[in-house]
Amino acid sequence: MPGIGQSGASPAPHPDSLGVIISMPQALAAELRAWREMFGGPDVAAVPPHITLISGRATGTWAHAAEHVRSVARSWAPFEVSLRGTGTFAPISPVVFLNLVDGVDNCLDLHERLLDGPVEHLLDFVFHPHLTVAHDLDAETMARAEREMADFSADFQVLSIGLYDYSHGGWSLCEELPLGKAEGA
């Protein structure tokens, strides 16, 4: 399965893989987890609700890539995200997601800034900031998720980004990195 990264490397996770995400505030994460559990599917318990900024690999050493992510976080100001209603990537990919209506430009710019270093984004699709609520489920469940969450609305401030690695055969949080001005910088 080819990746879309510069090297054409596979998007399958391996020990050099890293992810950078926006985690949800605790109360919102709990609400979204409950919605996702209603729909079921693989990874519902293992993968917390989040917005992916990068899913890829280090192009040099993992430590060098991680320092780049830390540097970007220190230079980035907190920003607002608004989630409104649902969208889908069907028929290209079986995903139902929550739309970002505010914060999209920040996510796109942050994604590009993260790639301006020793990090490669490896997904089969063009980057589109979103929050997945249902993935790889039967058509009826996917339609129900899209319909039942169509009126969903939430706003929150992004104060940090999470740096994940895949060094032990599964994604794990290495660091939650405060955005620069969130630390008083």
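User: Let's start with two helices of this predicted model. Is the crossing of α2 and α3 right-handed or left-handed?

Analyst: Happy to help! In this predicted model, α2 covers residues 62–75 and α3 covers residues 104–115. Where they meet, H68, V69 and V72 in α2 touch L110, R113 and L114 in α3. The crossing of these two helices is right-handed.

User: Why are α2 and α3 described as oblique to each other?

Analyst: Their axes lie 9 Å apart and pack at an angle of about 140 degrees. An angle has to be over 145 degrees to count as roughly antiparallel, and 65 to 115 degrees would be roughly perpendicular. The angle of α2 and α3 fits neither class, so the pair is called oblique.

User: How are α1 and α4 oriented to each other, roughly parallel or roughly antiparallel?

Analyst: Look at α1 (residues 26–39) and α4 (residues 139–148), whose axes come within 10 Å and cross at roughly 150 degrees. In this pair, W35, M38 and F39 of α1 meet T141, R144, A145 and E148 of α4. Angles over 145 degrees fall in one class, and α1 and α4 are therefore roughly antiparallel.

User: Which strands stand at the edges of the open sheet?

Analyst: The sheet has 4 strands in the order β6-β4-β3-β7, with antiparallel pairing. Two of its strands have a single partner each, so one side of each is left without a neighbour in the sheet. Those edge strands are β6 (130–135) and β7 (153–158).

User: Which helix packs on that sheet, touching β3, β4, β6 and β7?

Analyst: Neighbouring strands of the sheet are turned by 30 degrees against each other on average, ignoring direction. The helix that packs on the sheet has a direction making about 30 degrees with that of β6. That helix is α1.

User: In β4, which residue is the bridge partner of T88?

Analyst: Strand β3 (residues 79–88) and strand β4 (residues 95–102) run antiparallel and are joined by 5 bridges. For T88, the partner in β4 is V96.

User: Which residue takes a positive phi in the hairpin of β8 and β9?

Analyst: Strands β8 (residues 160–165) and β9 (residues 172–178) run antiparallel, joined by 6 bridges. One of the pairings links G162 with E176 in β9. There are 6 residues between the strands, and the one with a positive phi, near 80 degrees, is G169.

User: Which residues touch the most other members of the largest nonpolar core?

Analyst: This core has 44 residues, and its largest share, 5 residues, comes from helix α2. One of the two touches residues including H50, F79, C107 and F156. The two residues are I22 and I161.

Definitions and conventions: Residues are numbered from 1 along each chain as its sequence is written. This is a predicted model: local features need pLDDT of at least 70, side-chain atom pairs count only at pLDDT 80 or more; totals for chains, interfaces and linings use all residues. Side-chain values use heavy atoms; hydrogens and water are left out. A nonpolar core is a set of buried Ala, Val, Leu, Ile, Met, Phe, Trp, Tyr and Cys residues joined through side-chain atoms within 4.5 Å. Buried means under 20% relative accessible area, exposed over 50%, partly exposed in between (1.4 Å probe, protein chains only). Contact means heavy atoms within 4.5 Å. Two strands pair if DSSP finds at least two bridges between them. Axes are lines fitted to C-alpha atoms, for helices over the stretch in contact, and angles run from 0 to 180 degrees between N-to-C directions. Angles under 35 degrees count as roughly parallel, over 145 as roughly antiparallel, 65 to 115 as roughly perpendicular and the rest as oblique. A crossing is left-handed if the near helix is turned anticlockwise from the far one by less than a right angle, and right-handed if clockwise. Lists of a residue's contacts leave out its neighbours within four places in sequence.
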